[in-house]
Amino acid sequence: MKSKIAFLDLITPHMELEEELVSVFRSSLRSAGFIGGPVVADFEREFTQFCDTQHCVGVNSGTDALRFALIAAGIEPGTTVITVPNTFIATTEAITQAGAHLDFVDVDERTFTMDPGQLRHYLESKCEKDSRTGKLVNRQTRRVVSAIIPVHLYGQPADMDPILELARRHGLIVIEDACQAHGAQYFSEKEGIWKKAGTMGLAAAFSFYPGKNLGACGEAGALNTNDPAMASIARMLRDHGQSRKYYHDIEGYNGRLDAIQAGILRVKLKYLAKGNENRRKAAALYKDLLSPLAPGIGLPSEPAWSRGVFHLYVIRTRKRDELRAYLDANGIGTGIHYPVPLHVQKAYQSLGYQKGDFPVTERTASEILSLPMFPHLRLEQQREVADCIRSFLHSSMSTAHHTDSLPVSST
């Protein structure tokens, strides 16, 4: 019987680092430093160096990081924040829980990230400048538009140059959802340099959920920014609004980063660049193995302006559910990120979105399938995955007829 190929292997890397990780816990026991303190400060300093930013505020989740970023940026309650419907609900929870109104634009067919053309259409066709305030207002809702949250999805950055230019033109704040993009890079043609995900907007949110490229052994996140005032507000927000113990300048939250998790992240951060490199190598091998199977499947597209870190390796096929069942029957784990677009989720029924409002997101949601992807993925495992997909396609009737329009990998 074939051995199981896990969708994500979280056991092997932790076994390899077991002694280093256990030593973190021992140190915390001996110092009784469980919340905040020098370990958290050390991680924040090291993560700013990794990300090429000036400030890092460790918090207890990526959701809090994004919510605190919106609040610290001064997003006014009731104003509209624009994001995409093809993301995890944490993105939109952060918007509404910060008191803002949520609105969507569709994603690009190939990258699955925010389509700058759709963003331009929203800002220039659905909105107008208020003659009295000069602020951009949605014509239908009459709400002020205040911010944009592009999501760097699956480890691939969004196309930031045009997004940032549109934001500048219309006076909007940009906050990056970089929760899946630790170390990903974007080539800014405008500036002529490669920039790290999380360095281009006013601030960025990172998640350290265990399955992320940099994952804690529990919940953790970080807000990164180059704005010292914003970092200062975020530090108060995470700690009940305290500027110092028992002095509450604002009303805040309990959103602190545990010292044990910070220590674990410090250990893992040393191996993140190598892990990302291994993911890119695995993605390149998948491309070599699976390209001959087009047009039966569509492969991830990595534009020339992207150096992704492949948090996920997501293919497309019109027979997604059948292929997933076939892989599962052959001992190969897969995932779907995300099967139901946010605009048609029950949680957002009250917002009035309809099926058909965002056709690219809806179409891809029924076709995407995440294959096994992690730094320790072995060559023979990838070959087994590819062989199994090839076998499925060969046995599947009318494959070409059903899949000939799927996008394929581009460079």
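I take helices (H or I, at least four residues) and strands (E, at least two) as DSSP runs, numbered from the N terminus. This is a predicted model, where local features need pLDDT of at least 70, side-chain atom pairs count only at pLDDT 80 or more, and totals for chains, interfaces and linings use all residues. Residues are numbered from 1 along each chain as its sequence is written, and side-chain values use heavy atoms, with hydrogens and water left out.

**Entry 1. Backbone oddities**

I began with R142, in the loop between β5 (136-138) and β6 (145-148). Its phi is near 65°, a positive value in a residue other than glycine. Most residues other than glycine have a negative phi, and most peptide bonds are trans.

I then looked up cis bonds. The peptide bond from A294 to P295 is cis, with omega near 5°. P295 sits in the loop between α10 and β14 (306-307). H337 and Y338 are also joined by a cis peptide bond, with omega about 15°. I found Y338 in the loop between α11 (320-329) and α12 (359-365).

**Entry 2. Pocket**

I noted the terms before the volumes. On a 1 Å grid over the protein atoms alone, a cavity is a set of points where a 1.4 Å probe fits but cannot get out. A pocket is an open set with protein on both sides within 12 Å along at least five of seven lines, and lining residues have an atom within 4 Å of a point. Grid points are joined across faces, edges and corners, and a volume is the space filled by probe spheres set on the points.

The largest pocket holds about 510 Å³ of space. It has 25 lining residues, and F88, Q180, Y209, K212 and Y338 are the closest to its centre. Y338 is the residue that follows the cis bond from H337. Two elements, α4 (62-72) and α5 (89-97), give two or more residues to the lining of this pocket. α4 gives the most, with 3 residues.

I sorted the lining by class: Ala, Val, Leu, Ile, Met, Phe, Trp, Tyr, Cys and Pro count as nonpolar, Asp, Glu, Lys and Arg as charged, and the others, Gly among them, as polar. The pocket lining has 11 nonpolar, 10 polar and 4 charged residues.

**Entry 3. Cavities**

I found 2 cavities of 30 Å³ or more. The largest has a volume of about 90 Å³. Its lining includes R110, F112 and P300. By class that lining is 7 nonpolar, 3 polar and 1 charged.

The second largest cavity holds about 60 Å³ of space. Of its 10 lining residues, R110, F112, L299, P300 and R316 are the closest to its centre. Its lining divides into 6 nonpolar, 2 polar and 2 charged.

**Entry 4. Helix packing**

I checked α2 (residues 18-31) against α9 (residues 259-269): the angle is about 150°, with the axes 9 Å apart. Axes are lines fitted to C-alpha atoms, for helices over the stretch in contact, and angles run from 0 to 180 degrees between N-to-C directions. The two helices are therefore roughly antiparallel (angles over 145 degrees count as such). Contact (heavy atoms within 4.5 Å) is made by E20, L21, V24, F25 and S28 of α2 and I260, G263, I264 and V267 of α9. By class, this contact has 6 nonpolar, 2 polar and 1 charged residues.

Next I took α10 (residues 272-290) and α13 (residues 379-395), which pack at about 35°, axes 10 Å apart. Their contact has 9 nonpolar, 1 polar and 2 charged residues.

Methods:
Angles under 35 degrees count as roughly parallel, over 145 as roughly antiparallel, 65 to 115 as roughly perpendicular and the rest as oblique.
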